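Reader: I am new to this structure. Please take me closely through one part of it, then show me how that part sits in the whole.

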Amino acid sequence: AICSRPGAPGRAFFKSIETSGHGAIWVIVALLLGLYKDWEEMSFEFAAGIIVDLILSGIFKILFRRPRPRYDKQDMILPSKVDSYSFPSGHASRFAYLVGFTLFYYPSMFPCFVICLWTLLIIASRLALEIGRAV
């Protein structure tokens, strides 16, 4: 992979993108959204979706047991390997949920474009850092 070794050009960029898709961050985001009175219902649905995503990803990883590619994680910001399996990608499934959630609550073009672009960057970061597999 192009950025799988510490010190590789572009690694810091892909690490920050990869970190933005971490499940723990999105659980915290869901909880913080619940603090806003106007967003209580939406934040409950958002949190429920994130939790369902985490559970389903974990179940499917146990069922499929596809090993992760070899990679060096000495300089990762958050643990990139919470489990030993690469399929399905929790990051990719989480962002697929975020795309659907955004389309439902904010169907205008700009928020959807931003989330779709972010999703592509998440997928690219997993491949560039050799944490996930394309096929």
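Author: Start with Cys 112. This is a predicted model, and in it Cys 112 is buried, with a relative accessible area of 10%. That value falls in the buried class because the class takes in residues under 20%. Now look for a partner. The nearest cysteine sulfur to that of Cys 112 belongs to Cys 116, 6.4 Å away. A disulfide needs two cysteine sulfur atoms within 2.5 Å, so Cys 112 is in no disulfide. Cys 116 is in no disulfide either; the nearest cysteine sulfur to its own is that of Cys 112. The count for the model comes to zero disulfides.

Cys 116 has another setting. Its relative accessibility is 36%, and it counts as partly exposed. The reason is the cut-offs: partly exposed covers what lies between under 20% and over 50%. Cys 112, in contrast, is buried at 10%.

Turn next to helix α3. This helix covers residues 40–64, and Ile 51 lies in it. Gly 49 lies in helix α3 too. Compare how these two are covered. Gly 49 is buried, with a relative accessible area of 14%. Ile 51 is partly exposed, at 46%.

Gly 49 also shows how the chain folds back on itself in space. Arg 94 is 45 residues away from Gly 49 in sequence. Yet their C-alpha atoms are 8.7 Å apart.

Ile 51 leads to the surface. It belongs to a nonpolar surface patch of about 840 Å². Val 52, Ile 55, Leu 56, Ile 59, Phe 60, Leu 63, Phe 64 and Phe 87 make up the patch along with Ile 51. A residue needs over 30% relative accessible area to join a patch. Ile 51, at 46%, passes that cut-off.

Now step back to the whole protein. There are five helices and zero strands. From the N terminus on, the elements run α-α-α-α-α. The protein has 135 residues, and buried ones make up 38% of them. Cys 112 is one of the buried residues, and Gly 49 is another.

The contacts add to the picture. Take those with a separation of 6 or more. Residues 24 or more positions apart account for 67% of them.

Last comes the outside. The protein exposes about 8,100 Å². Carbon and sulfur atoms supply 73% of that area.

Methods:
Residues numbered from 1 in each chain as written. Predicted model: local features only at pLDDT ≥ 70, side-chain atom pairs only at ≥ 80, totals over all residues. Heavy atoms only, no water. Buried < 20%, exposed > 50% of the residue type's maximum accessible area, 1.4 Å probe, protein only. Patch = residues over 30% accessible without salt bridge, like charges linked within 9 Å, V, L, I, M, F, W, Y side chains within 5 Å. Areas by Shrake-Rupley, 256 points an atom, 1.4 Å probe, with all protein chains shown as cover. Salt bridge = Lys/Arg side-chain N within 4 Å of Asp/Glu carboxyl O. Helix = DSSP H or I, 4+ residues; strand = E, 2+ residues; numbered from the N terminus. Contact = heavy atoms within 4.5 Å.
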